[in-house]
Amino acid sequence: MVLLWIGIAVGVLIALILIVKVVKTPSRDVVGRQLQCNKCGYKTNGIKCPKCGNKPQTFGV
């Protein structure tokens, strides 16, 4: 019986944490996408960067 109460308490705690995270996350936040290029900082909206993507990889040669 004690394990049941512990399981319920853990489940409620996890649910509360997830609800708080959802409330604090901005509604316009894009999940899992980077809006800017890591190399040049150009705004890409999650697609391949047109400035850095067209440069061939030379590997220092």
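Select Cys40 to begin: in this predicted model, the residue is partly exposed, with a relative accessible area of 40%, a value that falls between the 20% limit for buried and the 50% limit for exposed residues. Cys40 sits in the loop between α1 and α2, the latter helix covering residues 50-53.

Keep Cys40 selected and add Cys49, Lys51 and Cys52, which are the residues in contact with Cys40 once its neighbours within four places in sequence are left aside. For Lys51, a distance label can be drawn between the C-alpha atoms: Lys51 and Cys40 are 11 residues apart along the chain, and these two atoms are separated by 8.0 Å.

Move next to helix α1, residues 2-24, and pick out Val23, which has its place in this helix. Is Val23 buried or exposed? With a relative accessible area of 64%, Val23 is exposed, because this value is over the 50% cut-off that the term requires.

From Val23, extend the selection to Met1, Leu4, Trp5, Ile8, Val12, Leu16 and Ile19, and show the surface: together with Val23, these residues make a nonpolar surface patch of about 880 Å².

Finally, clear the selection and view the whole chain, whose secondary structure comes to 2 helices and 0 strands. Of its 61 residues, 7% count as buried, while the area that the chain exposes is about 6000 Å², with carbon and sulfur atoms supplying 65% of it.

How values were computed:
Residues numbered from 1 in each chain as written. Predicted model: local features only at pLDDT ≥ 70, side-chain atom pairs only at ≥ 80, totals over all residues. Heavy atoms only, no water. Helix = DSSP H or I, 4+ residues; strand = E, 2+ residues; numbered from the N terminus. Buried < 20%, exposed > 50% of the residue type's maximum accessible area, 1.4 Å probe, protein only. Areas by Shrake-Rupley, 256 points an atom, 1.4 Å probe, with all protein chains shown as cover. Patch = residues over 30% accessible without salt bridge, like charges linked within 9 Å, V, L, I, M, F, W, Y side chains within 5 Å. Salt bridge = Lys/Arg side-chain N within 4 Å of Asp/Glu carboxyl O. Contact = heavy atoms within 4.5 Å.
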